[in-house]
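Visitor: I am in my first year, and I would like to be guided through a structure step by step. Could we begin with how its parts meet, and then turn inward?

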Amino acid sequence: MQAEEVMRKASKVEVVAIDASLRRITGASLREVMEAARKECVIVRQMRRREAFLVSRAEELLMAELAGKSRLYPYAVGLYLGVLRGSRRLKLVPSLPLGSILARHGLLRKGCVYVNERGEKLFLYGRDLFIGSIVRTCGRIRRGDLVSVLTSRNEFLGWGIASVDLHNGSRGRETVAVRNLVDLGWYLRRGG
Amino acid sequence: MNLAEIRSLHAMTSNPTREDKLFGAMRISQQAKRLAERYGYLPYMVERYIDLFGAKEAEEFLRACNRPLVKSIRCNDYLVRCDELKALLEGKGFVLKEIGWAPHGFWVLNEPFSLGATPEYLKGYYYIQRAASMLPAYALQPKVGELVMDMTAAPGGKTTQIAQLMKNTGVVVAVEISRSRIKALRSHVNRMGFTNVLIIRADVSRLRGFRERFSRTLLDAPCSGEGIIPVDPSRKRSRTLQDLRVMYRRQVELLKLAIELTARGGYIVYSTCSIAPEENELVIDTVLDSEVGESVDVVEAGVGVGDSGLEEFRGVSFDERLRKCRRLYPHKHGTEGFFLCKLRKL
């Protein structure tokens, strides 16, 4: 692999795919996320996975200098957006830091599930969420949708997949409502 | 004493250099041998502690190293107010007490369950950090918008503290050579919500082309760990004087590089979790005595805790400016053994 391929500016196709994924999952645009994070550019680190980052102008210049003078490429930089998956239909699998920053800036406008304290604890242990743990939702959530899981204090806990249509409130409290995809407990279990 | 030791001693006495004096063969007193046996140390270590503190205080130090350290955390005020964090954790049965000299630090006096398993930890509201290890970032005093480097960054306690003090602005370049440790560094940066960190996995010497770029540089140097014996008792017997010599040479090399990379008018903080003068005052003194040393001065660390740096150890005199460096000890300050020194690039 050429060194230049290790860390590079995102292509137009990648930027469009990231924007579309963000709008679909959270209701926020890439532009809004960039403003919230005070970043100006999307960078892709292509190793075994294709990881996307948002970087500031200062970080971008520094990266160019590092690559030029020392042939060094960052391991990680700025805001880690997530992994780009797929070839024909490229999409972003959002990261934990992205979820946290979206929650802090009130940019999670749809697909969010607010949980009670018991639900928070279980979710952070890597467990799925029952209907009974959900306090409220925002937006229309259908089975199979990617959702963000938050506490009632609007603290981001992780990402999940809706197992049922959540706008339909007629199910039993013990029904699994959200399958845990990744939660903040990952930092403890896998983060190193 | 074997033949090699006799030769080494002879060479030292006929024409001893400072290195020979500190790393050469050492006469071990009966008192040091007795204490070493009682507390399970290598005798040369205790001999040095007697030189450092005197016999009575050396034993106090050895006793303190047998007691566990009080745990401590650093509140991440970028994400949560520190009084709010205290209330949240105390609501769960933890007992916290502010560390007077660390603005974001708390002693953890009661820990009903693991500090690393609370939702507040996972949300990035605090970092589990030994108290003295909080000092280098405070001494560095990074400012909003600056370009700062952490030369040996993993696992990320000091990197995230610098990012926090910079209010998540500017850029912190965090360099780490270890493939396994860099994962933890990235994880802590993400967990604590910082987006102003650029992590590089490389030998820091590859940054030589970046002359005089960084406003501030932190070198928390790789060391023997002679200050963290209360945490890792295996270090009572795991390092010889020759291991210290290898460390010393690497530390001198890294400190010279840190000075090279720092902009004029900028600051360098050198720290270790070791109380060994060979890894601390001797390193700074050697660098001050070199060509690079002409471009720096020692300044007050301004951390409000710790003893002064040494001016003399085992017959070797150090630059008197080293009094401005700081030393912390378990028996005096209740922390791990620690050393830090702040330099200003002229």
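Visitor: Which side chain of chain A meets the side chain of B:Arg186 in a salt bridge?

Guide: Please keep in mind that this is a predicted model. Side chains of opposite charge can pair when their charged atoms come close. Here the pair is described by an N to O distance of 3.5 Å, which lies within the 4 Å that a salt bridge allows. The partner of B:Arg186 is A:Glu51.

Visitor: How many salt bridges does the rule find across the interface of chain B and chain A?

Guide: The interface brings 39 residues of chain B into contact with 38 residues of chain A, and 14 residue pairs between the two chains are in polar contact. When the salt-bridge rule is applied across this interface, the count is five.

Visitor: Which helix gives the most residues to the side of chain B that touches chain A?

Guide: Several elements of chain B supply at least two residues each to this side, including α6 (82-90), α7 (119-122) and the strand β6 (171-176). The residues of this side divide into 21 nonpolar, nine polar and nine charged. With seven residues, the element that gives the most is α10(B).

Visitor: What share of the area that chain B buries against chain A do B:Leu122, B:Arg186 and B:Thr195 supply?

Guide: The area buried between the two chains is about 3200 Å², and carbon and sulfur atoms give 59% of this area. On the side of chain B, no other three residues supply more than B:Leu122, B:Arg186 and B:Thr195, whose share is 21%.

Visitor: Why does the salt bridge of B:Glu84 and A:Arg153 join two chains?

Guide: The side chains of B:Glu84 and A:Arg153 meet with an N to O distance of 3.3 Å. B:Glu84 is partly exposed at 28% relative accessible area, and A:Arg153 also counts as partly exposed, at 47%. The pair joins two chains because B:Glu84 lies in helix α6 of chain B, while A:Arg153 lies in the loop between β10 (146-151) and β11 (156-162) of chain A.

Visitor: Which residues are linked with B:Glu84 and A:Arg153 in a network of salt bridges?

Guide: A search of the whole structure finds 42 salt bridges over all chains, and some of them are linked through the residues they involve. Besides B:Glu84 and A:Arg153, this network holds A:Glu120, A:Glu155 and B:Lys123.

Visitor: Is A:Glu59 buried or exposed?

Guide: A:Glu59 lies in helix α3 (residues 57-70) of chain A, and its side chain meets that of A:Lys39 in a salt bridge of 3.1 Å, N to O. A:Lys39 is found in the loop between α2 (30-37) and β2 (41-46), 20 residues apart from A:Glu59, and at 8% relative accessibility A:Lys39 counts as buried. Since buried means under 20%, a relative accessibility of 0% makes A:Glu59 buried.

Visitor: With which side chain does the side chain of B:Lys158 make a polar contact?

Guide: B:Lys158 belongs to helix α9 (residues 157-165) of chain B, and at 13% relative accessibility this lysine counts as buried. Leaving aside neighbours within four places in sequence, the residues in contact with B:Lys158 include B:Gln129, B:Asp150 and B:Phe338. The polar contact, at 3.1 Å, is with the side chain of B:Asp220.

Visitor: Which helix gives the largest share of the largest nonpolar core?

Guide: In soluble globular proteins, nonpolar side chains tend to be buried together. The largest nonpolar core here has 123 residues, and among those with the most contacts inside it are B:Tyr41, B:Leu207 and B:Leu255. Its largest share, 10 residues, comes from helix α11 (residues 241-261) of chain B.

Visitor: Which residues of chain A does B:Leu207 touch?

Guide: Not counting residues up to four places away in sequence, B:Leu207 touches B:Met149, B:Val175 and B:Leu261 within chain B. Across in chain A, the residues that B:Leu207 touches are A:Leu66, A:Ser70 and A:Leu72.

Technical notes:
Residues numbered from 1 in each chain as written. Chains lettered and ligands numbered in written order. Predicted model: local features only at pLDDT ≥ 70, side-chain atom pairs only at ≥ 80, totals over all residues. Heavy atoms only, no water. Helix = DSSP H or I, 4+ residues; strand = E, 2+ residues; numbered from the N terminus. Buried < 20%, exposed > 50% of the residue type's maximum accessible area, 1.4 Å probe, protein only. Polar contact = N/O pair within 3.5 Å; in protein donor to acceptor, adjacent residues only side chain to side chain. Contact = heavy atoms within 4.5 Å. Core = buried A, V, L, I, M, F, W, Y, C linked by side-chain atoms within 4.5 Å. Buried area = accessible area lost by both parts, 1.4 Å probe. Nonpolar A, V, L, I, M, F, W, Y, C, P; charged D, E, K, R; others polar.
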